[in-house]
Structure formats: C-alpha cells, structure tokens
Amino acid sequence: QKVLLSAGGQPAVVLALTNTSVRTQTDFPVLVDVLDASGASIYRNNTKGIEASIQQLAALAPHASAWWVDNEVLASRGTPKSVTAALGASTAAAPTTALPALTTGGVSASNSFPGPHVSVTVRNRSTIAQSQLPVYAVALRGADVIGAGRGIVPSLAAGASAQVDIPMVGTVSGAKIALSVPPTAVH
C-alpha cells in the first residue's frame, strides 16, 4: 500500500512494507519520488543529510509487515499529486539471532493542541541499546490511511522505556492507530 497524504499544506508519504523472504532485511533503502499534477518530480528523499529513518527501514523480520512514513516531504516547487516508491537491497548483513524485542503501550491519539498527534510508550525488551529509534504511526479508518507521522526516541537503553509524542499529518479522529518500531541496532 502506498499513500500520499496532505493536510494543512504538509504532505507525507506512507508505505506498507512486507518482507516476503525468509531472511531479515536490514538497512534497506526506501526511495520515494513525489510528483506534481504534470508528473514532474518535486521531492525525492535521496538527498544526503536527510535523517536515516526517512531514507530506509532499519530492520524487517522474515514474513513481517511494517509501516514506513516520510513526514518531512519538502515539496516547495509544486503541489504533490502522486508518489512512486522503490525498495533497495539490504546494505547490512542479516542478523543471525532474533531482532531485538521492542513493544509499544499506552497509546493515545488526539487532534487537540498542538495538532493531531499520537503519544506512545516504547519499551526495549532486549539487551541491545537502541539509538535514533524511529516510531512510525499510521491512523486507519477501516483500510483507509487518514493520518501518519514519525517520531524518534534518541536513546533507549536495554530494558528501558520512553514516551514519544508523534506529530501527525492528517487526522486521528475515530482512527485505529498502527505502530511500527524497527530496531536500529540488531547486534
């Protein structure tokens, strides 16, 4: 699934990704190209210096699915109308052990001040510390994506938990919130 959202002049790209292989995929590029009504490219996420979590997915277990969100689409040269997406090959060796267990809880969503947002507690149930840990949030009404955002937990020690507030593009009103928290460190 591929969705281009826009609310209040802020666009976001949402992808539902599935690993169909029997191996964990790690550090694989997620490349998007946002197009205007005439099909001209007005934003690509392949620019050097962009945060890693909006250029790749750090890890995806075999036969697992995850949401990925680029909420920093800077399309200053036109109005976004469509998006194309391509996935690259893993750029790191697959781990030989299970991925670190990261869980979420205490999820709440609100459209009130400072705007649509999701609050969630992320817990690191592994022995591997995480840094720059992305938390992708997608608001669903039925099968329709009505909101999306991305937050970062700067550091999450083994066994620790942290709350993150995720600003959302779109709305969270009456939505089911789906979360993906791919580990950034697997060894």
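A good place to start in this predicted model is Val-145, which touches Gln-1, Val-3, Leu-5, Val-14, Trp-67, Val-138, Ala-139 and Leu-140, leaving aside residues up to four places away in sequence. Val-145 also belongs to the largest nonpolar core, where it is among the residues that touch the most other members. From there, let's look at the cores and then at a small sheet.

**The nonpolar cores**

- The largest nonpolar core holds 29 residues, and Val-13, Val-14, Leu-17, Leu-57, Trp-68 and Val-145 touch the most other members.
- Two or more residues of this core come from each of S1, S2, strand S3 (25-35), strand S4 (41-44), strand S5 (56-60), S6, strand S10 (130-141) and strand S11 (144-156).
- S2 gives the largest share, with 5 residues.
- Another core lies apart from this one; it has 18 residues, including Val-122, Leu-156, Met-168 and Val-172.
- As background, nonpolar side chains tend to be buried together in soluble globular proteins.

**The three-stranded sheet**

- An open sheet is formed by 3 strands with antiparallel pairing, in the order S1-S2-S6.
- Its edges are strand S1 (2-7) and strand S6 (65-70), each of which pairs on one side only.
- From one strand to the next, the twist averages 20°.

**Where S2 meets S6**

- Strand S2 (residues 10-18) runs antiparallel to S6, and 6 bridges join the two.
- Across this pairing, Leu-15 stands opposite Trp-68 in S6.
- Trp-68 links the two topics, as it is also one of the residues touching the most other members of the largest nonpolar core.

Notes
Residues are numbered from 1 along each chain as its sequence is written. This is a predicted model: local features need pLDDT of at least 70, side-chain atom pairs count only at pLDDT 80 or more; totals for chains, interfaces and linings use all residues. Side-chain values use heavy atoms; hydrogens and water are left out. Two strands pair if DSSP finds at least two bridges between them. Helices (H or I, at least four residues) and strands (E, at least two) are DSSP runs, numbered from the N terminus. Axes are lines fitted to C-alpha atoms, for helices over the stretch in contact, and angles run from 0 to 180 degrees between N-to-C directions. A nonpolar core is a set of buried Ala, Val, Leu, Ile, Met, Phe, Trp, Tyr and Cys residues joined through side-chain atoms within 4.5 Å. Buried means under 20% relative accessible area, exposed over 50%, partly exposed in between (1.4 Å probe, protein chains only). Contact means heavy atoms within 4.5 Å.
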